[in-house]
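Please open the model in a viewer and keep the sequence panel at hand. The stops below name what to select in turn and describe what is found there.

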Amino acid sequence: LLLLVSINCGYCFIIPAYAFLPLGGLNTKIKTVIEDADLSFRLFKKNYQVRLDRKLAVTHLKEFSFSGLLYNDAKLSFAKAKHVLRNCFQNPKNYLIIVSGGKVREMYPVILNVLISPLIVLSLVLKIFYLLFFLLFLFLILNFNFFSFIKQKKDWLFLLKTIPLYFLDMLSAFIGVFLGTLDFIILGKKY
């Protein structure tokens, strides 16, 4: 049974030429990422459906170093910020929102993590410890399900290593969002 989804993930998809070619293929104006989401939106506008086969598995052969992972996530966040800003200047019926699994509510903790990560650093630098402890507590609560999952699959030591790495990942995502916003607003680069 194929599951109807709201977005195509470009790392592994099959599309017939009769649907792909009339749409003009992938948007070559998009230089970074999310061209797959743009293609999904254009497919939906032409009344095509995107379906997910849960039996398929993808093995990513690319390996990231830790710095490569942070760079990749910042680059992805840069592109998503510009995409959301492009939506702000479109007719609402043409909006395309990229969310995890098609569920907006699943993105709230991620968005909050990205927004509070620089505040954690700032409160540490300015030595505002009550704010630092509050934000760290909020960070742990927001990610409780994820951290519980990691603990179930691995052990406590692995979990303790994961928490600061995940925080740095959220901080790199904030940097990407910040730079994407600057690039869009100040430099006027729409893609």
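What covers the buried residues of H2? Select helix H2, residues 35–45, in this predicted model. The cover over its buried residues includes helix H1 (17–20) and S2, the latter being the strand at 50–52. H2 is mostly covered, with eight of its 11 residues buried. Colour these eight next: Asp36, Ala37, Asp38, Leu39, Ser40, Phe41, Arg42 and Leu43 are the buried residues of H2.

**The loop after H2**

Move on to Asn47, which follows H2 and lies in the loop between H2 and strand S2. Is Asn47 buried or exposed? Asn47 counts as exposed because its relative accessibility is 71%, above the cut-off of 50%. Its backbone also merits inspection: phi is positive, about 70°, although Asn47 is not a glycine. Most residues other than glycine have a negative phi.

**The whole chain**

Zoom out and display the protein chain as a cartoon. The protein chain contains seven helices and two strands. Followed from the N terminus, its elements run β-α-α-β-α-α-α-α-α. Of the 191 residues in the chain, 30% are buried. The accessible surface amounts to about 13300 Å², and carbon and sulfur atoms account for 68% of it. Consider also the contacts between residues at least 6 apart in sequence: 68% of them join residues at least 24 apart.

**The largest nonpolar core**

Which residues have the most contacts inside the largest nonpolar core? Select Ile116, Ile120, Phe139, Phe147, Tyr166, Phe167 and Met170, which hold that position in a core of 14 residues. Helix H4 (108–125), helix H5 (129–142), H6 and H7 each supply at least two residues of this core. H7 provides the largest share, six residues. A second, separate core has five residues, among them Ala19, Leu39, Leu43 and Val50. Two of these, Leu39 and Leu43, also appear among the buried residues of H2. In soluble globular proteins, nonpolar side chains tend to be buried together.

Return to the largest core and centre on Phe167, one of the residues with the most contacts inside it. Beyond residues up to four places away in sequence, Phe167 touches Ser117, Ile120, Val121 and Phe139.

Select Ser117 next, in helix H4. Why does Ser117 count as buried? Its relative accessibility is 1%, and the cut-off for a buried residue is under 20%. With its neighbours within four places in sequence left aside, Ser117 is in contact with Phe167, Met170, Leu171 and Phe174.

**The loop between H4 and H5**

Continue along the chain to Lys127, in the loop between H4 and H5. Lys127 has a positive phi of about 60° and is not a glycine. Lys127 is exposed, its relative accessible area being 61%.

**The packing of H6 against H7**

Now show helix H6 (residues 144–153) and helix H7 (residues 156–185) together. At what angle do H6 and H7 pack? The angle is about 145°, and the axes are 8 Å apart. The crossing of the two helices is right-handed.

Display the side chains at this contact. From H6, select Phe146, Phe147, Ile150 and Lys151; from H7, select Trp156, Phe158, Leu159, Thr162, Ile163 and Tyr166, which they meet. By class, the contact has eight nonpolar residues, one polar and one charged.

Within this contact, focus on Thr162, in helix H7. Which residues does Thr162 touch, when those up to four places away in sequence are not counted? They are Phe146 and Ile150, both of which belong to the H6 side of the contact. Thr162 is buried, with a relative accessible area of 13%.

**The last stop in H7**

Finally, follow H7 to Ile185, the last residue in its range of 156–185. Ile185 is exposed, with a relative accessible area of 57%. Select Leu85 as well and draw the C-alpha to C-alpha distance: Ile185 and Leu85 are 8.7 Å apart in space, although 100 residues apart in sequence.

Notes. Residues numbered from 1 in each chain as written. Predicted model: local features only at pLDDT ≥ 70, side-chain atom pairs only at ≥ 80, totals over all residues. Heavy atoms only, no water. Axes fitted to C-alpha atoms, helices over the stretch in contact; angles between N-to-C directions. Helix = DSSP H or I, 4+ residues; strand = E, 2+ residues; numbered from the N terminus. Left-handed = near helix turned anticlockwise from the far one by under 90°. Contact = heavy atoms within 4.5 Å. Nonpolar A, V, L, I, M, F, W, Y, C, P; charged D, E, K, R; others polar. Buried < 20%, exposed > 50% of the residue type's maximum accessible area, 1.4 Å probe, protein only. Areas by Shrake-Rupley, 256 points an atom, 1.4 Å probe, with all protein chains shown as cover. Core = buried A, V, L, I, M, F, W, Y, C linked by side-chain atoms within 4.5 Å.
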